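Here is a short tour of a protein model, meant to be read with the structure open beside you. Please take a moment to find your bearings before reading on.

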Amino acid sequence: MIEISNLTKKYHTGIAVDGISFSVDKGEIVGLLGPNGAGKSTTMNILTGYLSYTEGSVKIDGLEVVDHPKAVKKKIGYLPEQPPLYPNMTVYDYLKFVYELKKVKGNKKEELETLMETVNISDMKSRLIKNLSKGYKQRVGLAAAMIGDPEILILDEPTVGLDPVQIIEIRNLIKELGQNKTVILNSHILPEVSAICDRIIIINKGKIIASDTPANLTKMAGEDNRLHIIVNGNLDDIKALLNRTDEVVNFEVECTDEEQMVHQLLVGVAGEDASAVLFRAFEEQGLVIRSLAPHEVSLEEVFVKLVSSEEQAEEALEKIPEEQFEDMVDFTQEDDEIPFVAEETEEEMIKTPEETEIPDDENGEV
């Protein structure tokens, strides 16, 4: 449905998007994740045809965006972070205006009524937009994006500024819409991305550093097997036990209640039977385990680890002296500058220096 190949967007101040490539299948919900300035919004604006691009290819349903802008825009519904609403219009009048602006053909009243029902704003259709809450304004913007029944929805921070109840409502609505439409979602709320999206693309400094399902990204971040343990007992005794247990690689105390002698630990372990060994060791020491379970890596940890690793790699590369880097590999030499070296025969390779003839130059001089 969406095919992006070697997409690059350059400004005079630098590169916003640096040669990224990915595709999105029909009916898939994909989340774009990354720190501020990573290039997410630029990518989304290019997809909608709002921005041009410097290099690469962007195709929507087989159509190149720059070659078929009108046909492509009919296939896309776009909800920007700040919906372009007219505050002095009623909800219905605004949606009617957008319907006419998009030149949609059909039963206008029936379609708008259906849309308002879908996003749950039917009771607000006669209200002025300026009197709506942030959540309802977001719903109006989403309804406007859906006018014309586009095959693709591009949502930029759809839940920013909403309260928890509104976030859940919009999240459920997006999941429902994703059953029939292709959705690209940009959000800073990591639990939201994890709960909604089939796949996550993490962008940092204009480049894709990871692309996979939330479950696989979580596995990717696990450096070792870790156990989350809640245990009763003296903290010093617990630390001593962990330090002398071979199966324990490392551990940290997440929180502790000295008065109640209840401690939450995150323990890195090695070995298939590490859980059983620890359970028996605690029991032998009279320490009561209240809970012992595998630690699940959160999407936040995955995000921080991947972005940090990328930045650390770049910092390490920058610290390599220029002359040392050139010794490692010379990327500056053009193909036509590489001298041709003829293969030596076995007889030539074993010649002594005295037997090797030094050729004359064009003038016959040695």
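## Ground rules

A polar contact here is a pair of N or O atoms within 3.5 Å; within protein, one must be able to donate a hydrogen and the other to accept it, and residues adjacent in sequence count only if both atoms are side-chain atoms. Helices (H or I, at least four residues) and strands (E, at least two) are DSSP runs, numbered from the N terminus.

Please keep in mind that this is a predicted model, in which local features need pLDDT of at least 70 and side-chain atom pairs count only at pLDDT 80 or more, while totals for chains, interfaces and linings use all residues. Residues are numbered from 1 along each chain as its sequence is written, and side-chain values use heavy atoms, with hydrogens and water left out.

## The whole protein

The protein has 13 helices and 14 strands. Of its 366 residues, 39% are buried; buried means under 20% relative accessible area, exposed over 50%, and partly exposed in between (1.4 Å probe, protein chains only).

A contact means heavy atoms within 4.5 Å. Among contacts between residues at least 6 apart in sequence, 67% join residues at least 24 apart.

## Helix α6

Helix α6 covers residues 164-177. At its N-terminal end, Asp163 acts as a cap: a side-chain oxygen lies 3.1 Å from the backbone nitrogen of Val165. The expected span of a helix is 1.5 Å times one less than its number of residues. For the 14 residues of α6 that gives 20 Å, and the end C-alpha atoms are 20 Å apart, which agrees.

Which residues of α6 are buried? They are Gln166, Ile167, Ile170, Arg171, Leu173, Ile174 and Leu177. Seen down the axis of α6, these buried residues fall within an arc of 165 degrees, so they line one face of the helix; the arc is that of the directions from the helix axis to the C-beta atoms. Pro164 and Val165 are exposed, on the face turned away from the buried side. The cover over the buried residues of α6 includes β3 (29-33), α4 (108-118), α5 (134-146), β7 (152-156), β8 (182-186) and α7 (190-196).

## Helix α5

Helix α5 is mostly covered, with ten of its 13 residues buried. Among them are Gly135, Gln138, Arg139 and Met146. Elements covering the buried residues of α5 include β6 (76-79), α3 (91-101), α4, β7 and α6.

The 13 residues of α5 should span 18 Å at 1.5 Å a residue; the end C-alpha atoms are 19 Å apart, which agrees. After α5 comes Gly148, with a positive phi near 95 degrees.

## The four-stranded sheet

Two strands pair if DSSP finds at least two bridges between them. One open sheet has four strands in the order β2-β1-β4-β5, with antiparallel pairing. Its edge strands are β2 (14-24) and β5 (63-64), each pairing on one side only.

Strand β4 (residues 55-60) meets β5 over two antiparallel bridges, and Lys59 stands opposite Glu64 in β5. Two residues lie between the strands of this hairpin, where Asp61 takes a positive phi near 55 degrees. Strands β1 and β4 run antiparallel and are joined by five bridges. Lys59 appears here too, as the bridge partner of Glu3.

## The six-stranded sheet

What is the strand order in the open sheet of six strands? The order is β6-β7-β8-β3-β9-β10, with mixed pairing. The edges are β6 and β10 (207-212), each pairing on one side only. Neighbouring strands are turned by 15 degrees against each other on average, direction ignored; axes are lines fitted to C-alpha atoms, for helices over the stretch in contact, and angles run from 0 to 180 degrees between N-to-C directions.

Strands β6 and β7 pair in the parallel sense over four bridges, and Gly77 has Leu153 in β7 as its bridge partner. Helix α1 packs on this sheet, touching β3, β6, β7 and β8, and its direction makes about 150 degrees with that of β8.

## Glu28 in its loop

Glu28 sits in the loop between β2 and β3. Is this residue buried or exposed? Glu28 is buried, with a relative accessible area of 13%. Its side chain reaches the backbone nitrogen of Asp25 at 3.0 Å. Not counting residues up to four places away in sequence, Glu28 touches Lys181, Thr182, Val183, Asp198 and Arg199.
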